[in-house]
Amino acid sequence: MDLAIELVIAIVIGVLVVVAGGLSLLRGRTRRPPLADAETAAELRKQAPVAPPPVADPRELEGVERPQLIDLEDPALADTGTPGGTSVVEVPAPPITPAERFRQRLTRARSSFGTSVSGAFRRGLTDEAWEDLEETLIGADVGVEATTELVDGLRSRVRAEGIRTGEGAVALLKEVLRLELAVADRTLHRRPRGTTVWLVTGVNGTGKTTSIGKIAARATANGDHVVLAAADTFRAAAAEQLELWGERAGARVVRGAEGADPAAVAFDGYQAARADGANLLLVDTAGRLQNKTSLMAELGKVKRVLERESGPCDEVLLVLDATTGQNGLAQAKAFLDTVDVSGVVLTKLDGTAKGGIVVAIQRQLNIPVKLVGLGESVDDLAEFDPDAFIEALFGPAEQDVDAETDAGGSGGASALGA
Ligand code: GDP
């Protein structure tokens, strides 16, 4: 019996030894036995070489099959889930130059004015061609008197300089217009210290509030601290519109109650700007023409009261709508009789076929166009660059198709005299 028990125990032990041996053998296949630290380091060094493998001599690679390069742009890879699937990388649009911007936005003026001028001389320097040129300039709002002067002057120079081709005459016209526009000082004046004051005037609907908003947005983006004064207290909507622009631009808006004295609001605006340490105050004024006399009296008072506090305004900007042509100029004269206007903001130049208004403003009003509105969005304001303007006006018409398609783009024009 004892022998039998001993035999069973021996068998059980034997079986256990065999099972344990088998298990450890299995574990050895699936998992590495733990290594002592030194051994681990040595083992890891063997597995992961610290230096990159040497670059093979190209001669050794001859005949060796090279891995295929994956084209990341290949649309066939887009759905495969491979590392080469199409990746979307946003490439920022290159900044647009002022010249390019003018070209894009003056499509309408170019296709009527530029094309007509070139067309006039297509048959050479005939009397008919000169008459066509006159008609084109008058139609483009250059003004009758200015047109006669320009065309007479051009004809004499063409004769004196022995110019025989239509292209030569067009080139000379460009030069004459460039010289005509080059004489003006288009600086937007700033105070070296303290709060610069720009008073903005103009008839309602010309784009006064929009232009103030655009100026404010540009100025704050340039690091200016801007305050807006809503001195058109006649229309609540005007102050509300200015508040929206102020919010967008990050500029405080000072407004009064409806019907409050506009001069008092302008005064408060200056006080607030001073207290805030703002370096630019833009004052929006009323522009209803129904009662011209009282409107002008009001504007005069706003300027006087403001200047008593702030000293002379650094700019008195008159906003004119380019699409109103010679009518706009007649309206402008009423403002000029009341306040010393230092510059014109010519809006809606994008919407007019009559680019000649720029020449008329300078000739008839003797005021430089300092800023131009080239659309409704916040970026659509540019300092007026005569060369870019003339190039855009006379630019080849075949570019118009491109210009129409990318006219929605906007880019930065240069700083507003900052
Ligand atoms: P305000 O009454 O003089 O203050 O005129 P607003 O600023 O309210 O502008 C009148 C309209 O003209 C609005 O619809 C503006 O979006 C639009 N506007 C202003 N400036 C421009 C511009 O440069 N181009 C175009 N196309 N529209 C403009």
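How do the residues of the shell around the ligand divide into nonpolar, polar and charged? In this predicted model, two of the shell residues are nonpolar, ten are polar and six are charged.

**The ligand and its surroundings**

In total, 18 residues surround the ligand. The closest are Gly 205, Lys 208, Thr 209, Thr 210 and Glu 376. Helix 9, which spans residues 208-221, makes the greatest contribution to this shell, supplying four residues. The ligand occupies the space of the largest pocket.

Several polar contacts join the ligand to the protein, and the table lists three distances.

| Ligand atom | Protein partner | Distance |
|---|---|---|
| Oxygen | Polar backbone atom of Gly 205 | 2.7 Å |
| Oxygen | Polar backbone atom of Gly 207 | 3.0 Å |
| Nitrogen | N or O atom in the side chain of Asp 350 | 2.8 Å |

On its own, the ligand has 580 Å² of accessible area, and the protein covers 80% of this area.

**Aromatic pairs**

A search of the whole structure yields four aromatic pairs. One of them is formed by Phe 102 and Phe 389, whose ring centres are 6.4 Å apart. Their planes meet at 75 degrees, and planes over 60 degrees apart count as edge-to-face, so the pair of Phe 102 and Phe 389 is edge-to-face. This pair links distant parts of the chain, the two residues being 287 residues apart. Phe 102 belongs to helix 4 (residues 98-105), whereas Phe 389 belongs to helix 15 (residues 386-394).

Definitions and conventions. Residues are numbered from 1 along each chain as its sequence is written. This is a predicted model: local features need pLDDT of at least 70, side-chain atom pairs count only at pLDDT 80 or more; totals for chains, interfaces and linings use all residues. Side-chain values use heavy atoms; hydrogens and water are left out. A residue is near a molecule or strand if one of its heavy atoms lies within 4 Å of it. A polar contact is a pair of N or O atoms within 3.5 Å; within protein, one must be able to donate a hydrogen and the other to accept it, and residues adjacent in sequence count only if both atoms are side-chain atoms. Accessible areas come from the Shrake-Rupley method with a 1.4 Å probe; for residues, only the protein chains shown count as cover. On a 1 Å grid over the protein atoms alone, a cavity is a set of points where a 1.4 Å probe fits but cannot get out, and a pocket is an open set with protein on both sides within 12 Å along at least five of seven lines; lining residues have an atom within 4 Å of a point. A molecule sits in a cavity or pocket if more than half of its atoms lie within 2 Å of its grid points. Ala, Val, Leu, Ile, Met, Phe, Trp, Tyr, Cys and Pro count as nonpolar, Asp, Glu, Lys and Arg as charged, and the others, Gly among them, as polar. Rings of Phe, Tyr and Trp (its six-membered ring) pair if their centres lie within 6.5 Å; planes under 30 degrees apart count as stacked, over 60 as edge-to-face and the rest as tilted.
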